[in-house]
Every structure is written in structure tokens, then in C-alpha cells.
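Biologist: I would like to go through the spaces in this protein one at a time. Please show me the structure, and then I will ask how each label was earned.

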Amino acid sequence: MDKRKTSLLVIGLFIQLLIKAQNPIIQTIYTADPAPMVYKDTVYLFTGHDEDKSTWFTMKDWHCYTTTDMVNWTDKGSPLSLKAFSWAKKDAWAGQCIPRNGKFYWYVPINHETMGMSIGVAVSDSPTGPFKDALGKPLVHSGNGDIDPTVFIDDDGQAYLYWGNPYLKYVKLNKDMVSYSGEVVTVPLNKEGFNVRFKDVDKRPSAYEEGPWFYKRKNLYYMHYAAGGVPEHLAYSTSTSPTGPWVYRDTIMRIIGKGGAFTNHPGVVDYKGKSYFFYHNGALPGGGGFTRSVCLDEFRYNKDGSIPRIAPTKEGVKPVSNLNPFIRQEAETIAWEEGIEVGESMEAGIYVTEISNGDHIKLRSVDFKKGAKGFQANVASVAGGNIEIHLDSLEGVLLGSVEVKNTGGKESWATVSAAMKKVKGVHDLYFVFKGGQGDLFNFNWWKFSK
Ligand code: FUB
């Protein structure tokens, strides 16, 4: 094969890989420290947020995304930021949110203006916020390593908060979820519980590093965590009691290496009969150790409750249900995108913005059932352009194109519509944006008609 043909083949294969890529699951911003939560029929994914071009863990707010199919994620914006905590200096690091009695409690580590890293708790009536500081002061300050809280409520109603780096500590939370009883307990980090550290530069007593993730399954308590020192791998220990003693089990995900970040953070949920493992890497363009991105892969517990080694994939997971195109879908519901960003306004809520010629949004597993004929989009624009709608690939069948004219301003919302070629069954859908130079329009929601 001549050199030109070989290069074309390589480029073709690379494009195929990019098209198939579903990890990282969020591409609009850098996200880190995934904390998934299943509530009613929805998975809520709470994340940290690495600033663009960051050269440290420069993090100011947390974000939330939702899904009911595990592949199309709806951006819910930032329901919590350091601004909610009057005592916060910096460092919106790895937290976790949990529902109790109709309220949602989000435990987050923050650098206190005078005390150093401390754990705060924010509360809301809705999982997507707004959240407010429940106490006006930290819930926990016990030393210099109060980061990465993980929370779990046992069947008897007792809630536990674990956290820490270099130590692992816990308290028993009271039913109000914003106070605790008893002492802060330090977990013995020994070989039996947390394995040994092979990179012994920092002379720590075990492989445990940070980012604990605590839950129970079939009477066995699981503690996942980042391990080994940096670069981190992910490992787990189990116990028959919520307070240990812990038994070291195994590595779950090895150091990611190329395309990884030197930290990692586990998050585990079961949803619609499947088990899911969230983690982060540095694989988005411009990504790395301080510009991380949340990823998702599926796994199956072994019969004895042990967890197999999970290899990070580019392809991610399969959909567990289909997207209904006949009801209003938010433009910020995305399986994959290139070029766009997400904005927020009082009138439109969250919407897609910074749309340029050639940008696109992909949605997976859209069920057109017996047929769709028309398409509506809510948009706001000055320059204007077109939304081309393709099936199954960027260059797939063109269902139609909707023209977006000047609506009178980037916040003047109007609904535009167009007839589409009739389409049936389940397909991936691509919105490909076309127009002149610069920002074309903002995109709020869309809907097909039968
Ligand atoms: O994201 C900031 C910090 O990096 C987290 O708190 C750690 O777990 C590590 O991921």
C-alpha cells in the first residue's frame, strides 16, 4: 500500500474512533471527581469542575448532569459553588450528594479562609438545586486532610460520612444529616485493610490515598478509593460492618497512563439492572492532570460480590432506554458534541451557545417509533444559520434543515420549524450547525412531531 493510502486509512480509522467515542461523557467543560446518585427514575451525576487551562486543582464550583438512558446527559448547570459558603477561600473539591426525607444533602471539601481543608454541607429541596450552606460553618474540621467526603445511609437509618487524605476518618451523622454524634474515628490504614504502598516515597502506611466511595450491597460494605500515590489507580476493600475492620480486595482500575490524569476518583451506582463505574481521565483536547473529564464504564459484580478489573474504554456504555423525540428535549441533552458550549439565562434556563459553522451535537438511541415528519427548535439569534439533522452519522441521511433567522437578539427566543423526511425506528441523531463566520445562534430546546 502506498504512503498516501496508508495515511488516509489511518485518518479514517481515527475519525471512526472519534465518532464512536463516548468517553469522556461530558465535553462542554472539564469535569472531575464523579459522584453519581440514583433518585427515583433518574441518575444524577455531581462533578467537580476544572477551570480551562488550569495548572492546579483550581476549582470554584460543582456541576450536575442527569440521564435516564446512561448515554444522553442533560446539563443542569452549577447548582453549588464556593460562593454559597461565606467561609470558603478556595478549592471546590470532591463531594457527594444524598437524598433524605425529601431533601438533598451535598457534602463538599472546601479550603476554609483560616482553618484549611474542611467539609461543608449544602442542602436543597431539589437535586438540581439551588443548594445553600446548611450551617454557615464547616460540618467537620479534624486535621489537615479533610477532603473527599463520601456518605451512605444504612438500612437501620444510620448515616455515615467517611473522608480524608492522607487519613481515612468517619463520623456517624445524625438524622438531620447536618450534625454528628460521637467522636471522629480514624480508620487503621494497615496492610490487611488497604494493601501496601509500592511507591513508598511518602512513607504512608498503606495504598489508600484519597477519594473514598462508600456503599453497601447484599450485606457487604464496599470502600472504593484512589490508591497507590500518584499516578493513582482505583482499588477497593470490603467489610461486613459499616465501620470495619476492612479487608483489602483488589485493584479495580489500573493507572490509566496515556490519556489519564494523575488522580482518579471512583463513583459506583446500580441503575436499571446494570452496575456502573464512574472515574475521570485527562483525555479531552487540552486535558491532563488539572483538566480532567468524567468517564463511565459498565461492570458486573462476580457471584461472590467481588469486582472484576475494569478497563477504561473510549466507547463507554450502551443505552438502557431510548430518547423520546416527541416531547420537548433540552438542547443541552448531549451524548457527544464538538465545538459548542453551554450558557444560562433567567428566561431560557440552560441552553447551548457558542455555536459555530460545523459544530455538532450527537444524541444516541432516539426512538422515532412509527414515524416523525416535522421538527421544531427554540432558538435565539442575530447572525442566524441552519440546523441540519442527520441520521446515524455526521454524514448520514439528511432528514431536513431548519433555518434560524435573526430573532432580534441572542436572548430573544423564537420557535422555528421545518418539515422532515419521514423517519421510523431507533437512530442516533446529529444536529450539525451551518452558517457564516462567528457565533451563529443559541439553541434552547427541540422536538419532533408525528
Ligand atoms: O479534585 C480535587 C482533588 O483531586 C480531589 O479532592 C482529589 O480526590 C483529587 O481527585
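Modeller: Here it is; keep in mind that this is a predicted model. We can start with the lining of the largest pocket, which by class has 18 nonpolar, 12 polar and 9 charged residues.

Biologist: How many residues line that pocket, and which lie nearest its centre?

Modeller: The lining of the largest pocket has 39 residues, and nearest the centre are Pro24, Ala283, Leu284, Pro285 and Trp336. The space in this pocket comes to about 1000 Å³.

Biologist: What makes it a pocket and not a cavity?

Modeller: A pocket is an open set of grid points, whereas a cavity is a set that a 1.4 Å probe fits into but cannot leave. The space of about 1000 Å³ was classed as a pocket, so by that definition it is open.

Biologist: Why is the largest pocket said to lie between domain 1 and domain 2?

Modeller: Domain 1 (25–299) and domain 2 (329–449) each contribute residues to its lining, and therefore the pocket lies between them.

Biologist: Which element gives the most to that lining?

Modeller: Strand 25 does, with 4 residues. Elements that supply at least two residues each include helix 1 (3–20), strand 3 (61–67) and strand 20 (274–281).

Biologist: Now the ligand. What makes Asp33 a polar contact of the ligand?

Modeller: The cut-off for a pair of N or O atoms is 3.5 Å. In the side chain of Asp33, an N or O atom is 2.5 Å from an oxygen atom of the ligand, so the pair is a polar contact. A polar side-chain atom of Arg292 is 2.8 Å from a ligand oxygen atom, and that pair therefore counts by the cut-off of 3.5 Å.

Biologist: How do you know that Ala94 has a polar contact with the ligand?

Modeller: A polar backbone atom of Ala94 is 3.5 Å from an oxygen atom of the ligand. The cut-off is within 3.5 Å, so the pair is counted.

Biologist: How much of the ligand does the protein bury?

Modeller: The ligand taken alone exposes 280 Å², and 99% of that is buried by the protein. Among the residues around the ligand are Phe57, Trp93, Glu210 and His280. The shell holds 4 nonpolar, 2 polar and 4 charged residues.

Biologist: How many cavities of 30 Å³ or more are found in the whole structure?

Modeller: The search finds 3. The largest cavity has a volume of about 70 Å³, and the second largest has about 50 Å³.

Biologist: Why does the largest cavity lie between the two domains?

Modeller: Both domain 1 (25–299) and domain 2 (329–449) give residues to its lining, so the largest cavity lies between them. The lining includes Ile25, Tyr65, Glu332 and Val342. By class, this lining has 6 nonpolar, 2 polar and 2 charged residues.

Biologist: What lines the second largest cavity?

Modeller: Among its lining residues are Gln22, Met70, Leu296, Gly316 and Arg364. The classes are 7 nonpolar, 3 polar and 1 charged.

Biologist: Last, the backbone. What kind of peptide bond joins Gly129 and Pro130?

Modeller: That bond is cis, with omega of about 5 degrees. Pro130 sits in the loop between strand 9 (116–124) and strand 10 (132–133). Asn165 and Pro166 are also joined by a cis peptide bond, with omega of about 15 degrees.

Biologist: What makes Lys53 worth listing for its phi?

Modeller: Lys53 is not a glycine, yet its phi is positive, about 60 degrees. Most residues other than glycine have a negative phi. Lys53 is in the loop between strand 2 (42–50) and strand 3.

How values were computed: Residues are numbered from 1 along each chain as its sequence is written. This is a predicted model: local features need pLDDT of at least 70, side-chain atom pairs count only at pLDDT 80 or more; totals for chains, interfaces and linings use all residues. Side-chain values use heavy atoms; hydrogens and water are left out. On a 1 Å grid over the protein atoms alone, a cavity is a set of points where a 1.4 Å probe fits but cannot get out, and a pocket is an open set with protein on both sides within 12 Å along at least five of seven lines; lining residues have an atom within 4 Å of a point. Grid points are joined across faces, edges and corners, and a volume is the space filled by probe spheres set on the points. Ala, Val, Leu, Ile, Met, Phe, Trp, Tyr, Cys and Pro count as nonpolar, Asp, Glu, Lys and Arg as charged, and the others, Gly among them, as polar. Domain bounds come from an automatic or database domain assignment. A residue is near a molecule or strand if one of its heavy atoms lies within 4 Å of it. A polar contact is a pair of N or O atoms within 3.5 Å; within protein, one must be able to donate a hydrogen and the other to accept it, and residues adjacent in sequence count only if both atoms are side-chain atoms. Accessible areas come from the Shrake-Rupley method with a 1.4 Å probe; for residues, only the protein chains shown count as cover.
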